[in-house]
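Me: Please take a close look at the barrel in this model and at what surrounds it. I would like one connected account, with the residue details kept in view.

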Amino acid sequence: MEDNFKIVVVTKPSPVNDEATLIERLLGAGADIVSLRKPGIGERYIESVLEHIRPELRNRIRLHDYPQLARAFGTGFQLNSRNPKADDIPAAMLSKGCHSLGEITETQGVDYVTLSPIFDSISKPGYNSRFDLSTLDIAAINKKVIALSGVTLDHVPSLRAAGFAGAAFLGEVWRDNESFERFVRYLTMRNSRLQYITDGSTPYDTVSLALKALEGGCRWVQIRMKDEPTESVAEVAAELAPAFINRGATLIVDDHVEIAAMTTGVAGVHIGQKDISPAQAREILPSDKILGFTVNSAEHLEPAANLFRDHIDYLGIGPLRFTSTKKKLAPTLGYDGLDKIRSLMYQLNFVPPAVIVGGVTDHDFEQLAGIGFGGVAVSGAIGKTPSPADAANDLTTKAIRHFGYINEDDYIRFNK
């Protein structure tokens with residue numbers, strides 16, 4: 001089960017150094033589509049970019065010119081005034097650019113349409129909004145409309161509320177290197193409403209369970225191998241990483257900051273109260289890698305807010321209740337403890353996305369969402385079931401229903 005709000009990234013109109021690598025990073029982090037749009041740029045440049053992108057990722061690319069390249073490389077194609085038709089490309093791989101509400105009613109035979117300009121353009125001065133978002137109910141007209149032009153992360157909640165099927169980003173991504181890295185981390189965090197923490201008894205079991213969770217729809221797996229040597233953890237991470245990149249899913253490791261820093265396809269690391277500090281971890285991690293930090297009590301929260309505000313991407317809070325999965329369990333919090341922590345987060349103005357861990361079941365989802373938490377982390381609820389893939393599918397479906405998204409407002413505010 002996937003989030004039904006698509007994230008599309010439109011490339012800069014001019015060539016970019018090492019563009020194929022940047023596109024792969026966006027897709028690997030979780031972008032649904034990258035629109036390779038280069039008006040006036042020659043066919044050979046587009047072909048060279050596609051040649052350097054792994055074949056398994058190409059079906060998530062949309063070209064805006066040269067339909068013959070789309071057919072040759074198996075990409076999608078966006079219909080436009082320059083190319084109103086693209087024969088022999090399946091409808092599921094076609095999109096269409098629109099500029100009026102009347103146009104978006106004519107969408108038969110395409111997967112989605114973009115509508116622009118929704119906001120004043122970041123990259124095109126003078127290309128200003130033609131729509132009043134407060135009066136729009138796009139879904140009532142067409143449920144396949146992607147908002148384009150001037151879209152920033154701040155706009156995402158209002159676009160969801162207006163019924164858009166997704167958002168297309170250009171200037172927000174390519175403004176500078178810092179903007180690009182921030183956006184990669186945003187993509188990565190989209191997967192975190194349901195996290196699976198591995199508890200395999202062997203490296204083989206860990207790989208098998210992680211892949212079954214991925215097969216079932218879980219898009220975030222934390223490799224936790226407390227009793228295994230570092231070399232085994234590194235081997236498991238390297239073996240799993242390609243599958244997670246291909247699916248736009250998030251793979252992180254527990255404790256091993258160096259493995260997260262050095263392994264392509266590992267999105268980051270989660271550390272606990274007794275591990276390396278978040279400040280030290282952030283010095284080791286590349287800027288696009290995410291960092292999670294455990295909070296076991298309200299007493300842990302204030303030091304984290306004061307010392308590590310600029311280093312942490314999300315909190316893992318727990319344990320909610322007793323669980324046999326973890327050998328050295330901190331005192332359980334219960335719902336009273338969670339309420340106290342949530343109130344303190346707002347008092348301290350330290351409100352990163354937070355997932356609840358420790359004895360969580362699907363019966364907790366509604367209440368946790370009501371408190372304001374954006375997701376959960378589970379272990380035995382997937383790994384100790386007769387069918388981990390089926391369990392992952394069931395829990396992912398319920399997590400999407402209750403949490404919708406990893407408290408997007410919190411994430412956007414926290415990362416400004």
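Reply: What follows begins with the barrel and one residue in its strands, and then turns to the loops and to a helix elsewhere in the chain.

The model is a predicted one, and every value below is to be read in that light. Its strands E1-E2-E3-E4-E5-E6-E7-E8 form a closed barrel of 8 strands with parallel pairing, and the twist from one strand to the next averages 30 degrees. Helix H1 packs on this sheet, where it touches E1, strand E2 (33–36) and E3, and its direction makes about 155 degrees with that of E2. Within the barrel, E3 pairs with strand E4 (residues 76–79) in the parallel sense over 2 bridges, and Arg62 stands opposite Gly76 in E4.

Arg62 also leads to a residue of another strand, Ser95, which lies in strand E5 (residues 94–98). The side chains of Ser95 and Arg62 make a polar contact at 3.4 Å. Ser95 counts as buried because its relative accessibility is 0%, under the 20% that sets the limit for that class. Apart from neighbours within four places in sequence, Ser95 is in contact with Arg62, Phe77, Gln78, Leu79, Val110 and Tyr112. Ser95 and Lys144 are 49 residues apart in sequence, while their C-alpha atoms lie 9.7 Å apart in space.

The loops that follow some of these strands hold backbone features that deserve attention, since most residues other than glycine have a negative phi, and most peptide bonds are trans. Asp18, in the loop between strand E1 (6–10) and helix H1 (19–29), has a positive phi near 55 degrees, and with a relative accessible area of 53% this residue is exposed. Tyr66, in the loop between strand E3 (61–63) and helix H3 (67–73), likewise has a positive phi, of about 60 degrees, but Tyr66 is partly exposed, at 23% relative accessibility. The peptide bond from Ser116 to Pro117 is cis, with omega near 0 degrees, and Pro117 belongs to the loop between strand E6 (112–115) and helix H4 (138–141). A cis peptide bond also joins Gly318 and Pro319, with omega about 10 degrees; Pro319 sits in the loop between strand E14 (314–317) and helix H13 (334–347).

Another loop residue, Asn191, is placed between helix H7 (177–189) and strand E9 (194–197), and it is buried, with a relative accessible area of 14%. The side chain of Asn191 reaches the backbone oxygen of Gly248 at 3.1 Å. Once neighbours within four places in sequence are left aside, the residues in contact with Asn191 are Ala29, Arg219, Trp220, Gly248, Ala249 and Thr250.

Helix H12 (residues 298–308) offers a last view, in which burial can be followed around a helix axis. Its buried residues are Ala298, Leu301, Ala304, Ala305 and Phe308, and they lie on the same side of H12 because they cover an arc of only 125 degrees around the axis. An α-helix has 3.6 residues a turn, so residues three or four places apart point the same way. On the other side of H12, Glu299, Asn306 and Leu307 are exposed. The buried residues of H12 pack against helix H11 (278–284), strand E13 (290–295), E14 and H13, and these last two, E14 and H13, are the elements on either side of the loop that holds Pro319.

Methods. Residues are numbered from 1 along each chain as its sequence is written. This is a predicted model: local features need pLDDT of at least 70, side-chain atom pairs count only at pLDDT 80 or more; totals for chains, interfaces and linings use all residues. Side-chain values use heavy atoms; hydrogens and water are left out. Helices (H or I, at least four residues) and strands (E, at least two) are DSSP runs, numbered from the N terminus. Buried means under 20% relative accessible area, exposed over 50%, partly exposed in between (1.4 Å probe, protein chains only). Two strands pair if DSSP finds at least two bridges between them. Axes are lines fitted to C-alpha atoms, for helices over the stretch in contact, and angles run from 0 to 180 degrees between N-to-C directions. Contact means heavy atoms within 4.5 Å. A polar contact is a pair of N or O atoms within 3.5 Å; within protein, one must be able to donate a hydrogen and the other to accept it, and residues adjacent in sequence count only if both atoms are side-chain atoms. The arc is that of the directions from the helix axis to the C-beta atoms.
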